[in-house]
Amino acid sequence: MKNKKIKKLLLFSAVAILGLIFIIILTFSGKADSKDKAGIKLGFVMSGHSHEDGWNGLHYDGIKQACEGLDIELIVKENIKENTGQCETAIRELADEGVDVIILSSYGYAAEVVNVVKEYPDITFYSESFDYYGDNLNCYFARIYQARYMSGIIAGYMSKSGCIGYVAAMPNSEVNRGINAFTLGVKRANPDAKVIVAWSNAWDNADKEKQLAKELIDIKNVDVLTYHQNQPNVVEEAEINDVYSIGYHEVYEGAGEKFLTAVEFRWDVTYKELLDDYLRGKSSVVNTYWFGLEKDAIGLTDISPLVSQEIIHNVELAKKEIISGERIFSGLIIDNQGKVRCNEGEAISDQILMNGMDWHVEGVEIYEE
């Protein structure tokens, strides 16, 4: 009897010790995999100024809100131009200031500094280019093409001429998928319409953007204009010429009712999710962040009263389809050279959307000056 009691006592003790060891392991592994919020510093590199409207101002507002909510110290490097060597200098300065994270908030930065990033393995980098990855280099963006598609439906219904102008910076994958999604939306509303694209070859060139917008109106008879640049210069030109326009980033203050809507990033959503994962130690597990309507990371701003409720209903229907899992780039898709890019029952992969979209869908016409 005594031996049985001793055996039970030993068994109980062994179970208790194993349980304690298990708890200790969980506790320390959790600490190893997560970050201590106290003292986290984040460096934010941007191509313009924090007080600007459009791309840069919205990015700054988004990262500022996310950092404040997570008690992360924010250090900003403003007006860092692409392809000038300034990005490398900004990274080295931020490293000297002891940052833990660096966010590169313009498309072209990663190509310049992909080798510089490798020199700082203890810093986690996030870049807006899907072309470059690394052990400490992750990618992020928002599925703005979903909002482009919805705005294209509005443009297709509102255009009387069936000619819609699109002033775009350059033909990289980011810009091309926006053009293509917009055009698919336009053709959903009006299968005979076309989207005429004019290249400005820069993110910021006010004179060129306005010139191209005016030429699309005068020469190509477009009656709706949109754009993909940092500033709303195309909307300004549309206002002067009394044609419809669709914005990018945010509402253009002072615009009349012919400003139909704008496709909008809600950067605080993406940045909060990204930084939450960083603080939980997941930055080495999730190397790509690409949120859309399902997270409310993108959308449309208020729609002009000139747009009928029937059109708005069709836009809302498209939104519900996307949220439910229907893919914009699916089914039969033919490019503007007559080549089949997607067959019935198929969908174009995220990988191609991210960095392999070097073509345009049927209905896109490139403007030659």
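This passage walks through the fold, the cores, two helices and a few loop residues of one protein chain.

The structure is a predicted model, in which local features need pLDDT of at least 70, side-chain atom pairs count only at pLDDT 80 or more, and totals for chains, interfaces and linings use all residues. Residues are numbered from 1 along each chain as its sequence is written, and side-chain values use heavy atoms, with hydrogens and water left out.

The chain holds 11 helices and 15 strands; these are DSSP runs numbered from the N terminus, helices being H or I runs of at least four residues and strands E runs of at least two. Of its 369 residues, 51% are buried. Here, buried means under 20% relative accessible area, exposed means over 50%, and partly exposed lies in between, using a 1.4 Å probe and protein chains only. About 17,100 Å² of the chain is exposed, and carbon and sulfur atoms supply 51% of that area. Such areas come from the Shrake-Rupley method with a 1.4 Å probe; for residues, only the protein chains shown count as cover. Among contacts (heavy atoms within 4.5 Å) between residues at least 6 apart in sequence, 69% join residues at least 24 apart.

The interior can be described through its nonpolar cores, a core being a set of buried Ala, Val, Leu, Ile, Met, Phe, Trp, Tyr and Cys residues joined through side-chain atoms within 4.5 Å. The largest has 101 residues, and those touching the most other members include Leu-42, Trp-267 and Phe-329. Helix H5 (residues 144-158) gives this core its largest share, 9 residues. A second, separate core has 20 residues, among them Ile-75, Cys-87, Val-99 and Val-114. Cys-87 counts as buried because its relative accessibility is 0%. Cys-163 is also buried, at 11%. A search of the whole structure finds 0 disulfides, a disulfide being a pair of cysteine sulfur atoms within 2.5 Å.

Two helices invite a simple length check. The expected span of a helix is 1.5 Å times one less than its number of residues. For the 15 residues of H5 this gives 21 Å, and the end C-alpha atoms are indeed 21 Å apart. H5 is largely enclosed by the rest of the structure, because 14 of its 15 residues are buried. Helix H6 (residues 173-189) has 17 residues and an expected span of 24 Å, which agrees with the 24 Å between its end C-alpha atoms. H6 is mostly covered too, with 15 of 17 residues buried. At the start of H6, a side-chain oxygen of Asn-172 comes to within 3.1 Å of the backbone nitrogen of Glu-174.

The loops offer some details of their own. Asp-131 sits between strands E4 (124-127) and E5 (137-142) and is partly exposed, at 35%. Leaving aside neighbours within four places in sequence, Asp-131 is in contact with Tyr-107 and Asn-355. The side chains of Asp-131 and Tyr-107 are joined by a polar contact of 3.0 Å; a polar contact is a pair of N or O atoms within 3.5 Å where, within protein, one must be able to donate a hydrogen and the other to accept it, and residues adjacent in sequence count only if both atoms are side-chain atoms.

Most residues other than glycine have a negative phi. Asn-83, however, has a positive phi of about 60°. Asn-83 lies in the loop between strand E2 (73-77) and helix H3 (86-96) and is exposed, at 64%. Asp-242 likewise has a positive phi of about 60°, and lies between helix H8 (233-240) and strand E9 (244-248).
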